[in-house]
Amino acid sequence: MSHPQPIYTADNCKAAYQLNWSLTVFWNASPPPDSEWLSPLREATKPDGVHLLEHRLTDTNASQFLISTHPETAPPDAVRSVKGRLQYLVRGKIPKAFRRNYGLWSVGGANWNTIDRYIADQTRHHPMADPRVQEQFEALAIDGDKEALAQPRTSGHAQFCYNLHLVFVGRDRGFEVRPRVLEARRAMLLAVASKKGHLIGTGRIVADHLHVALGCRLSESPQEVALAYMNNLAYAVGMKPVFQYGFYAGTFSRYDLDAIRRRLRE
C-alpha cells in the first residue's frame, strides 16, 4: 500500500521559532581556559546551525553552554557540533577531551508553568459567541501528564529534557467549528503522540489554531516533530491543507532563559 505524499515539507513550510538549550559536557582532564577557544568555537559551530550564547566552566571540569539552534537541527547534532569542533580546537593539549555522557535541557523565554497556563487559557482568550460552541471547544481540552514534562529523561549517554510548544494556525485563518472535524483533530493529536512515544502535556484546539506542549524523543529535530503532526492532522481530514504552511516551535522546561543565564554568570 502506498503512503500519501506529505502536504507539509521542509521546503514549503516556514518556521517561527525560539529553540534554546542548556548543554553540559564533561572534560576528561583540566581544560584550557575558554579565552583560548570560545571565540573560534562560536564561529566553527555557526555553519551547523548552532549558536553559542554563554559558557561557564565549573570547578568539576564541566563546561556549561547556553546555545540556540535552527528547527532542522536535532539535539544530538547540536551536541556533536559543540563537542566535535571543540575537540578539534584543543586536540593539541587534550587528544581525547570529553567523556561520552552529557546533559541537555530545553529552555525558553518562559518556564513550563507559564507555558502551561498560557496554553490552558486559549479557549478563554478566544471565546465563541455561541455558548454551545464555546462548551464544545472546552470539551476538546487535552491535559496530559504535565509533571512528566518537567522531569529529566535518559537516552544512551544523555540525561535530557526536550520539550516543545507547537502552534499551528488555520489556513487563511479560517474558523473550524464542526464537531466531527474538531474531534478527529484531537484524536489524531493523541494518536501521533502515542505512536511516536511523545509525552503530551497541555493542548488546546480553538477555531483557527491549536497549541500543544510535547516531550519529544531526543533523535528528532523540532522541524521533524512539527511536520509529522501537521501532516497527520491533514490526513485526518482527507489530506487537506488545513493549516498555514508554517508553524511555531519553542523550547521550554522548568527553567527559563533568565534562570539559566544567572546560573552561568555565577
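**Note on two sheets and their neighbouring helices**

1. Met239 counts as partly exposed, because its relative accessibility is 24%, and partly exposed covers the range between the limits of under 20% for buried and over 50% for exposed. The structure discussed here is a predicted model, and every remark below should be read with that in mind. Met239 is placed in the loop between α8 and β12, and its phi is positive, at about 55°, although Met239 is not a glycine. That deserves a second look, because most residues other than glycine have a negative phi.

2. Asn61 also calls for a comment, since this residue, which is not a glycine, has a positive phi of about 60°. Asn61 belongs to the loop between β3 and β4, and with a relative accessibility of 24% Asn61 is classed as partly exposed.

3. One of the sheets in the model is open and consists of 6 strands, which follow one another in the order β3-β4-β2-β5-β8-β7 with mixed pairing. The edge positions are taken by β3 (50–57) and β7 (153–155), each of which has a single partner strand, so one side of each is left without a neighbour in the sheet. On average, and with direction ignored, neighbouring strands of this sheet are turned by 25° against each other.

4. What kind of pairing joins β3 and β4, and over how many bridges? These two strands pair in the antiparallel sense, over 7 bridges, and a student who wants to trace the pairing may start at Glu54, whose bridge partner in β4 is Leu66. Helix α2 (residues 75–89) packs on this sheet, where it touches β2, β3, β4 and β5, and the direction of α2 makes about 135° with that of β5. Helix α9 (residues 257–264) packs on the sheet as well, touching β2, β3, β4 and β5, and its direction makes about 145° with that of β4.

5. Is strand β2 (residues 20–27) mostly covered or mostly open? It is mostly covered, as 7 of its 8 residues are buried. On one hand, β2 pairs with strand β4 (residues 62–69) in the antiparallel sense over 7 bridges, and Ser22 has Leu66 of β4 as its bridge partner. On the other hand, β2 pairs with strand β5 (residues 98–107), again in the antiparallel sense and over 7 bridges, with Val25 standing opposite Tyr102 of β5. When following these strands by eye, it helps to remember that in a regular strand the side chains alternate between the two faces of the sheet.

6. Ser68 is a residue of strand β4, and it counts as buried because its relative accessibility is 16%, which falls under the 20% limit. If residues up to four places away in sequence are left out, Ser68 touches Leu19, Asn20, Gly49, Val50, His51 and Leu53.

7. Another open sheet is likewise built from 6 strands, in the order β1-β12-β9-β11-β10-β6, and its pairing is mixed. Here β1 (14–18) and β6 (142–143) stand at the edges, and each has a single partner strand, so one side of each lacks a neighbour in the sheet. The pairing of β6 with strand β10 (residues 199–205) is antiparallel and runs over 2 bridges, and in it Asp143 has Thr202 of β10 as its bridge partner.

8. Helix α3 lies across β9 (163–169), β10, β11 (209–215) and β12 (246–252), and it runs at about 35° to β10. Within α3 (residues 112–120) one finds Asp116, which is buried because its relative accessible area is 15%. Apart from residues up to four places away in sequence, Asp116 touches Lys146 and Thr202, and Thr202 has already appeared above as the bridge partner of Asp143.

9. Two packed helices are described by the angle between their axes and the distance between the axes. For helix α7 (residues 179–196) and helix α8 (residues 222–235), the angle is about 135° and the axes are 9 Å apart, and the pair is therefore described as oblique. The crossing in which α7 passes α8 is right-handed. From α7 the contact takes in Arg185, Met188, Leu189, Val192, Ala193 and Lys196, while α8 brings Ala228, Tyr229, Asn232, Leu233 and Tyr235. By class, the residues of this contact divide into 8 nonpolar, 1 polar and 2 charged.

Methods: Residues are numbered from 1 along each chain as its sequence is written. This is a predicted model: local features need pLDDT of at least 70, side-chain atom pairs count only at pLDDT 80 or more; totals for chains, interfaces and linings use all residues. Side-chain values use heavy atoms; hydrogens and water are left out. Axes are lines fitted to C-alpha atoms, for helices over the stretch in contact, and angles run from 0 to 180 degrees between N-to-C directions. Helices (H or I, at least four residues) and strands (E, at least two) are DSSP runs, numbered from the N terminus. Angles under 35 degrees count as roughly parallel, over 145 as roughly antiparallel, 65 to 115 as roughly perpendicular and the rest as oblique. A crossing is left-handed if the near helix is turned anticlockwise from the far one by less than a right angle, and right-handed if clockwise. Contact means heavy atoms within 4.5 Å. Ala, Val, Leu, Ile, Met, Phe, Trp, Tyr, Cys and Pro count as nonpolar, Asp, Glu, Lys and Arg as charged, and the others, Gly among them, as polar. Buried means under 20% relative accessible area, exposed over 50%, partly exposed in between (1.4 Å probe, protein chains only). Two strands pair if DSSP finds at least two bridges between them.
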